[in-house]
Amino acid sequence: MRPDVTPLILFIASIFTSNILLSNFLGMCSFISVSKDFKSSNGLGLAVTLTLTITTALNWLVYKYVILPLKLEYLTYIVFIIVIAAVVQVLEMLIERISSSLYMALGIFLPLITVNCAIFGVALFMQLRNYDFIQSVFFGAGSGLGWWLAIVTLAAIRKKVDVAPIPSALKGPGITLITIGFMAMAFIGFSGMISVQ
Amino acid sequence: MNRNSKIYTVLFTFIISFVFILILSFFNGMTIQRTEKNKTLSTMKAILNSMGIEYADDDQAYALFSKSIKHEKKDSLDIYTFSGLSDTAIAVIFNGSGLWGSITGSVAFDKDISMLLGVDFISQNETPGLGGRIEEKWFKDQFKNRVVSEKPLELSKNKTGKGIYDSLSNEIDAVTGASLTSTYLLNIINSYIYKAKKVLGVSRYEH
Amino acid sequence: MNTKKYGKILSENLFSNNPVFVQILGICSTLAVTNNFINTLVMASGVTLSTAFSNFTISAIKDLIPRKVRMIVQVLIISFYVIIFDLFLKAFVPQVSKVLGPYVGLIITNCILMGRAEAFAQANPPLLSFWDGISSGLGYMYVLCTIAFVRELLGFGTILNIRVMPDSFLPWTIMVMAPSAFFILGIFIWIVKGPLLQKGGNRK
C-alpha cells in the first residue's frame with residue numbers, strides 16, 4: 001500500500017513542513033552540541049545529508065530483498081543500524097581521503113552519526129510508511145537537507161545569542177532550546193506552502 | 001588469545017551476534033502468535049466498532065465476528081456484512097493516503113447505504129498527538145448515524161475542536177492543528193461513500 | 001555492597017548529573033512523546049529497563065570486547081534489549097505499541113543508553129552498572145513525566161486520558177505541537193540550573 005505522495009512533494013515537505021529536527025525531534029543531541037560552531041555545523045550537515053540519502057536507499061533495498069523474503073522483521077532494527085554503521089565507516093574513510101581539514105573539524109562527530117536518531121528514525125519511518133524506492137531516496141535526501149538547514153540556522157543564531165545578556169541559569173542549553181522552539185514555530189508557518197493533494 | 005587480534009575480533013563478533021540473534025528468534029517465536037492474533041483482532045474490532053456493535057471483551061468480539069459477519073469482495077471493495085435479528089449493517093474497508101502514509105479503516109452503512117453508521121481505524125501513520133488524534137472517540141463519534149446525502153462530508157468552518165454530532169449535517173469538525181490529515185481523511189471517506197453507493201446501494205444521487 | 005556508593009549514583013543521576021537537563025542527552029524522545037502522559041510513562045520504562053540491562057551486560061563482558069568493535073557491540077547489545085521490549089509491547093499492549101510506533105525502536109539511538117555504556121559500564125562492575133542504568137532511567141523519567149503533565153494538561157485538558165480541566169477550558173494547541181516541548185524543556189532547565197549552579201559551582 002504505497003502512499004500516493006509524489007517524491008518531489010515528499011522532498012519539500014521533509015525539509016520544511018515536517019522537518020526531521022523541528023517537527024519530529026530526531027537528531028537533537030548532535031544538533032545542540034555541534035551548533036556552537038558554524039563551520040562544524042556546515043560540515044556535519046553535509047555528512048548527515050549524504051549518510052541519510054545513502055542509508056535510506058540501502059535500507060529500503062535490504063528491507064525489501066533480505067528481511068521480507070526471509071521473514072526477519074524482528075531483526076529490522078539491528079540490520080538497519082548495521083547498515084548505517086557500515087555506511088558511516090566508509091564515509092569516514094572517504095572524507096579523510098578527500099578533505100583532511102573537514103575530517104579534523106568533525107572529529108568525534110563522524111562516528112557519532114551512527115547513533116544519530118535522525119538517520120535511524122528516517123529509515124524506520126520509511127519502512128513504516130511503505131514508501132517505494134524513489135520516495136525513500138527523496139525522503140532521505142529531503143530529511144538530510146532539512147537537518148542541515150536547521151543546524152546552520154541555529155548555529156548562526158547562536159553566534160548572536162552568545163553575546164547577548166542572558167541570565168546565567170538560562171545560558172547554554174536553556175536558551176538554545178527556547179531558540180529551537182521559536183525556529184520550530186517558524187517552520188510550522190511553512191505548512192501553508194504546500195497543498196499535497 | 002589477544003583480544004585485540006584480528007581473528008579474535010572476527011570470532012567474537014560472530015559468536016556474540018549469533019547468540020543474541022538466537023535469543024531474539026526465541027522471543028520472537030514466543031510472541032508472534034499473540035501479535036498476529038492482536039492484528040486480526042484489531043481489524044475485527046474496527047469493523048464491529050464502525051457498525052456500532054458492542055462487545056464485552058476481546059473474546060466476545062472474536063466470537064461475534066466469526067459467527068455473524070460474512071466477508072465478500074465486490075469490485076475491489078472489501079465488504080463485511082452483519083445480519084442481525086432486526087437489522088443489517090454493511091462495512092467497507094477503506095484505504096487511502098493520509099499526510100504521511102496510508103490510512104486504513106472501516107466505514108459502515110445501513111443496508112441501503114442511506115445512513116452512515118460509523119467509522120473506525122485499522123492503521124494510520126499520522127503525526128502522534130496531532131493527525132493521530134483522528135482515532136479519538138470524540139472525532140470518530142461524529143461519523144455515527146449520519147444521513148448520507150448528495151453533499152460530500154466537509155470540514156466545518158467554525159472550528160471548535162469539540163465535534164459536530166448532527167445527524168443531518170454534512171460537516172465534520174477537524175482535529176485542531178491537524179487540518180491536513182482531517183482533510184485527507186474526509187477525502188478518503190467521501191470516495192468510499194461514493195464507491196459503496198455505486199456498488200451496493202441505491203444510486204439515487206449522481207455525483 | 002557499599003550503600004553509600006549506590007546512594008551517590010542515584011542522587012547524581014537524578015539531579016547533579018541528570019541525563020536530560022544536565023548532560024542534555026536523550027532529548028529526541030523526550031520531546032516526541034511528551035504530549036501524552038501514558039505514552040511518556042511507557043517510553044520512559046522502556047528506556048530505564050533497556051539502559052539497566054544493557055549496562056549490566058556490557059559491564060559483564062567488557063573485558064572480552066575487542067577494541068575495534070566496541071561501539072558496534074554496544075549498539076548490538078542495546079538493540080537486543082530494546083527489541084525484546086518492543087516485542088513484548090506489540091504482544092501485550094498493542095494499543096500503546098501502535099501509538100508509540102517507531103519511537104520505541106528509537107530508544108536504540110537514544111544517546112542516554114550509549115552515553116551510560118561508554119561512561120559507566122565500561123569502567124564499573126555489572127551490578128553497579130545495572131543500578132546506574134536504573135537511576136539514569138529514573139532521572140530521565142521524572143523530567144519527561146513533568147513535561148508530559150504540563151503538555152497534556154494544557155494541550156488536551158486531560159491527565160492520563162481523563163478529562164480534568166473544565167469544559168470551558170480552551171486547550172492550548174501549541175502545547176500539543178513541537179515547539180512547546182522545546183520551550184518547556186528550556187524553561188525546566190532554566191528553573192533547575194539556578195540552584196544547581198549555586199550548589200555545584202566549580203565541580204565540573
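This is a short conversation about reading the fold of chain B and one helix pair of chain A in a predicted model.

Reader: Let me start with chain B. How many helices and strands are there in chain B?

Author: Counting the elements is a good way in. Chain B has four helices and eight strands. Read from the N terminus, their order is α-α-β-β-β-β-β-α-β-β-β-α.

Reader: What does the radius of gyration say about chain B?

Author: The idea is to set the value beside what the globule rule gives for a chain of that length. For the 207 residues of chain B the rule gives 17 Å, but the radius of gyration is 23 Å, well over that, so chain B is more spread out than a compact globule. The spans of its C-alpha trace along the principal axes are about 85 × 40 × 35 Å.

Reader: And what share of chain B counts as buried?

Author: That is 36% of its 207 residues. You can also look at contacts along the sequence: among those in chain B with a separation of 6 or more, 48% join residues 24 or more positions apart.

Reader: Now chain A, please. At what angle do helix α3 and helix α4 of chain A pack?

Author: Look at the angle together with the axis distance. Helix α3 (residues 38-70) and helix α4 (residues 76-98) of chain A pack at about 140°, their axes 9 Å apart. Since angles over 145 degrees count as roughly antiparallel, this pair is oblique. The crossing is right-handed.

Reader: Which residues meet there?

Author: On α3(A) they include A:L50, A:I54 and A:L58, and on α4(A) they include A:F80, A:V83 and A:V87. By class, the contact has 14 nonpolar, four polar and no charged residues.

Definitions and conventions. Residues are numbered from 1 along each chain as its sequence is written. Chains are lettered from A and ligands numbered from 1 in the order in which they are written. This is a predicted model: local features need pLDDT of at least 70, side-chain atom pairs count only at pLDDT 80 or more; totals for chains, interfaces and linings use all residues. Helices (H or I, at least four residues) and strands (E, at least two) are DSSP runs, numbered from the N terminus. The radius of gyration is taken over C-alpha atoms; the globule rule is 2.2 Å times the number of residues to the power 0.38. A residue is buried if 20 or more other C-beta atoms lie within 10 Å of its own, exposed if 12 or fewer, and partly exposed in between; C-beta atoms are placed from the backbone. Two residues are in contact if their C-beta atoms, placed from the backbone, lie within 7 Å. Axes are lines fitted to C-alpha atoms, for helices over the stretch in contact, and angles run from 0 to 180 degrees between N-to-C directions. Angles under 35 degrees count as roughly parallel, over 145 as roughly antiparallel, 65 to 115 as roughly perpendicular and the rest as oblique. A crossing is left-handed if the near helix is turned anticlockwise from the far one by less than a right angle, and right-handed if clockwise. Ala, Val, Leu, Ile, Met, Phe, Trp, Tyr, Cys and Pro count as nonpolar, Asp, Glu, Lys and Arg as charged, and the others, Gly among them, as polar.
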